[in-house]
Amino acid sequence: MTINLEEIRMKKKTQYEAIITTSNEKNESNASPFAIFYKGRDEIICRIFKGSTTLENILNKKEFVVNISNNPLMFTLSLIDTIPEEQLIRIKSNNSENELVTLKNSEAYFIVKVTHISEGLREDNITKSGLYAIKGKVTKLVINDKCVKPMNRGIHALIESLVNYSRIDLVDSETQEYYLNRFKESERIIKKVGHEEEKESIKLLRKELEKKNYKID
């Protein structure tokens, strides 16, 4: 039976933020936040920089777990690699003897079997680094919360822009400039990863700012 990630409100060709959990040959656990691109139905892609423990574990086991969570503490602890073991659960996959790991309180999680790995190079305004594109097929989906909703950065960027818009006429020129710079960054994020609703919303907000004669480069 084919698994469809739309069951957990994922939209095709959209990027989400999630926590990937893996384990090494000694079954030592690791958790890190990553962006997950949903291709549709049961296929996902993630891009991971060279040198990470997550990448090493995925290359070794060819299998990993994507945890859907909106818990800010879990994202923070996973980023600084300090999620306590009592917050993790050991599981077995359906298709192998691999011991895998999932977050104890995730809203949902799914096991991914790697189908293709390609090595590349990413160059942007931050760094030039080698990375791997990991394509995978979902082999198991577990829903712990019927109200699960995967995290997308677009809505958070939009809310910040709306709050700043509500204040921009009340602040001094220096703060207005700060708000406009934040708007441009939020607009960039939304254009890159947001849903259509966020993209349409940020367009409307730009028009309203321009009506007020604010200059947005």
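Trainee: In this predicted model, is N27 buried, partly exposed or exposed?
Mentor: The relative accessible area of N27 is 29%, and the class called buried needs a value under 20% while exposed needs one over 50%. Since 29% lies between those two cut-offs, N27 counts as partly exposed.

Trainee: Where in the chain does N27 sit, and what is its phi?
Mentor: N27 belongs to the loop between β1 and β2. Although this residue is not a glycine, its phi is positive, at about 65°.

Trainee: D81 also has a positive phi without being a glycine; in which loop does D81 lie, and is D81 buried or exposed?
Mentor: The phi of D81 is about 60°, and its place is the loop between α2 and β5 (88–92). Its relative accessibility comes to 51%, and because the exposed class begins over 50%, D81 counts as exposed.

Trainee: Stepping back to the whole fold, how many helices and strands does the protein have, and in what pattern do they follow one another?
Mentor: The secondary structure comes to five helices and eight strands. Read along the sequence, these elements follow the pattern β-β-β-α-β-α-β-β-β-β-α-α-α.

Trainee: What share of the contacts between residues at least 6 apart in sequence joins residues at least 24 apart?
Mentor: The protein has 217 residues, of which 45% count as buried, and its C-alpha trace spans about 60 × 40 × 30 Å along the principal axes. Among contacts between residues at least 6 apart in sequence, the share joining residues at least 24 apart is 66%.

Trainee: Which residues touch the most other members of the largest nonpolar core, and which elements give two or more residues to this core?
Mentor: The largest nonpolar core holds 27 residues, and those touching the most other members are L5, I8, F64, V66, I68, F110 and I134. Two or more residues of this core come from each of β1 (14–23), β2 (29–40), β3 (43–49), α1 (53–61), β4 (63–68), β7 (108–123) and β8 (128–143).

Trainee: With which residues is I8 in contact, leaving aside its neighbours within four places in sequence?
Mentor: I8 is one of the residues that touch the most other members of the largest core. Beyond its neighbours within four places in sequence, I8 is in contact with I68, A108, F110, L141, I143, V148 and P150.

Trainee: Which residues are among the members of the other core?
Mentor: That core lies apart from the largest one and has 14 residues. Among them are I168, V193, I202 and L209.

Trainee: Is M74 buried or exposed, and which residues does M74 touch beyond those up to four places away in sequence?
Mentor: M74 lies in helix α2 (residues 72–79), and its relative accessible area of 9% makes M74 buried, because the limit for that class is 20%. Its C-alpha atom is separated by 9.4 Å from that of S32, a residue 42 residues apart along the chain. Not counting residues up to four places away in sequence, M74 touches I19, S69, I83, Q87 and L103.

Trainee: How many aromatic pairs does a search of the whole structure find, and of which kind is the pair of Y178 and Y179, stacked, tilted or edge-to-face?
Mentor: The search finds one aromatic pair. Y178 and Y179 form a pair with 6.0 Å centre to centre and 50° between the planes. Y178 counts as partly exposed at 47% relative accessibility, whereas Y179 is buried at 10%. Because stacked planes are under 30 degrees apart and edge-to-face planes over 60, the pair at 50° is tilted.

Trainee: Which residues line the largest cavity, and which helices each supply at least two of them?
Mentor: The count gives one cavity of 30 Å³ or more, and the largest cavity has a volume of about 60 Å³. By class its lining has six nonpolar, two polar and no charged residues. The lining consists of S161, N164, Y165, I168, Y179, L180, F183 and L209, and the helices that each supply at least two of the lining residues are α3 (153–167) and α4 (173–193).

Trainee: For the second largest pocket, which lining residues are the closest to its centre, and which elements give two or more residues to the lining?
Mentor: This pocket has a volume of about 230 Å³. Of its 13 lining residues, the closest to the centre are K149, P150, N152, I155 and H195. The elements that give two or more residues to the lining are α3 and α5 (196–211).

Trainee: How does the lining of the second largest pocket divide by class?
Mentor: Unlike the lining of the largest cavity, which has no charged residues, the lining of this pocket includes charged ones. The division is four nonpolar, four polar and five charged.

Definitions and conventions
Residues numbered from 1 in each chain as written. Predicted model: local features only at pLDDT ≥ 70, side-chain atom pairs only at ≥ 80, totals over all residues. Heavy atoms only, no water. 1 Å grid on protein atoms, 1.4 Å probe; cavity = no way out; pocket = protein on both sides within 12 Å on 5 of 7 lines; lining within 4 Å. Points joined across faces, edges and corners; volume = space filled by probe spheres on them. Helix = DSSP H or I, 4+ residues; strand = E, 2+ residues; numbered from the N terminus. Nonpolar A, V, L, I, M, F, W, Y, C, P; charged D, E, K, R; others polar. Core = buried A, V, L, I, M, F, W, Y, C linked by side-chain atoms within 4.5 Å. Buried < 20%, exposed > 50% of the residue type's maximum accessible area, 1.4 Å probe, protein only. Contact = heavy atoms within 4.5 Å. Phe/Tyr/Trp six-rings, centres within 6.5 Å; stacked < 30°, edge-to-face > 60°.
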